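This briefing is written for a reader who wants to inspect the fold and its aromatic contacts side by side with the coordinates. Please keep the structure open while going through the points that follow.

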Amino acid sequence: MPGLIALGRKYADSGLRLLFFPCNQFCAEEPGTAAEIAAFYVNQHGLPASCLMERGDVNGDATQDVYKFLRSADLGGAANGPIEWNFTKF
């Protein structure tokens, strides 16, 4: 993740925006409250707070709208089926 954050900073002036969508569906890696998740990403890793979205589901009945969109778009790769890892990049 530090590499992604560095990439976001490097190209921010060119319009690149990285969005992080925490999810606890993968080995319970993000079980904390919204404040705990923010502290981890923003305080410990330097992620701009505006890049951190609300935790939600990426698979199943409660899938967030952004993942429904990614699957409906013709993006290939991970978007064509269930998302298998919480650090999938699109």
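Which residues form one aromatic cluster? In this predicted model, the cluster is made up of Phe 20, Phe 40 and Tyr 41. The chain around this cluster contains three helices and zero strands, and its elements follow the pattern α-α-α when read along the sequence.

**Overall dimensions and packing**

- For a chain of 90 residues, a compact globule would be expected to have a radius of gyration near 12 Å, and the value of 14 Å found for this chain agrees with that expectation.
- Taken along the principal axes, the box filled by the C-alpha atoms is roughly 30 × 30 × 20 Å.
- Of the 90 residues, 28% count as buried, a class that requires a relative accessible area under 20%.
- Among contacts in the chain with a separation of 6 or more, 50% are made by residues that lie 24 or more positions apart.

**Surface and charge**

- The accessible surface of the chain amounts to about 6,000 Å², and carbon and sulfur atoms contribute 56% of that area.
- The chain carries 7 positive and 10 negative side chains, with the centres of these two sets placed 8 Å apart.

**Aromatic pairs**

- Searching the whole structure yields three aromatic pairs.
- In the pair of Phe 20 and Tyr 41, the ring centres are 6.3 Å apart and the planes meet at 40 degrees, so this pair is classed as tilted.
- This pair links distant parts of the chain, since Phe 20 belongs to the loop between helix H1 (2-11) and helix H2 (34-44), whereas Tyr 41 sits in helix H2, 21 residues apart.
- Both partners are buried, Phe 20 having a relative accessible area of 11% and Tyr 41 one of 3%.
- Phe 21 and Tyr 67 form an edge-to-face pair, with 5.9 Å from centre to centre and 75 degrees between the planes.
- Because Phe 21 lies in the loop between H1 and H2 while Tyr 67 lies in helix H3 (residues 65-72), the pair ties together parts that are 46 residues apart in sequence.
- Tyr 67 also counts as buried, with a relative accessibility of 9%.

**Reading the pieces together**

- The loop between H1 and H2 holds Phe 20, whose ring pairs with Tyr 41 of helix H2, and also Phe 21, whose partner Tyr 67 is located in helix H3.

Key:
Residues are numbered from 1 along each chain as its sequence is written. This is a predicted model: local features need pLDDT of at least 70, side-chain atom pairs count only at pLDDT 80 or more; totals for chains, interfaces and linings use all residues. Side-chain values use heavy atoms; hydrogens and water are left out. Helices (H or I, at least four residues) and strands (E, at least two) are DSSP runs, numbered from the N terminus. The radius of gyration is taken over C-alpha atoms; the globule rule is 2.2 Å times the number of residues to the power 0.38. Buried means under 20% relative accessible area, exposed over 50%, partly exposed in between (1.4 Å probe, protein chains only). Contact means heavy atoms within 4.5 Å. Accessible areas come from the Shrake-Rupley method with a 1.4 Å probe; for residues, only the protein chains shown count as cover. Lys and Arg count as positive and Asp and Glu as negative; His and the chain ends are not counted. The place of a charge is taken as NZ of Lys, CZ of Arg, CG of Asp or CD of Glu. Rings of Phe, Tyr and Trp (its six-membered ring) pair if their centres lie within 6.5 Å; planes under 30 degrees apart count as stacked, over 60 as edge-to-face and the rest as tilted.
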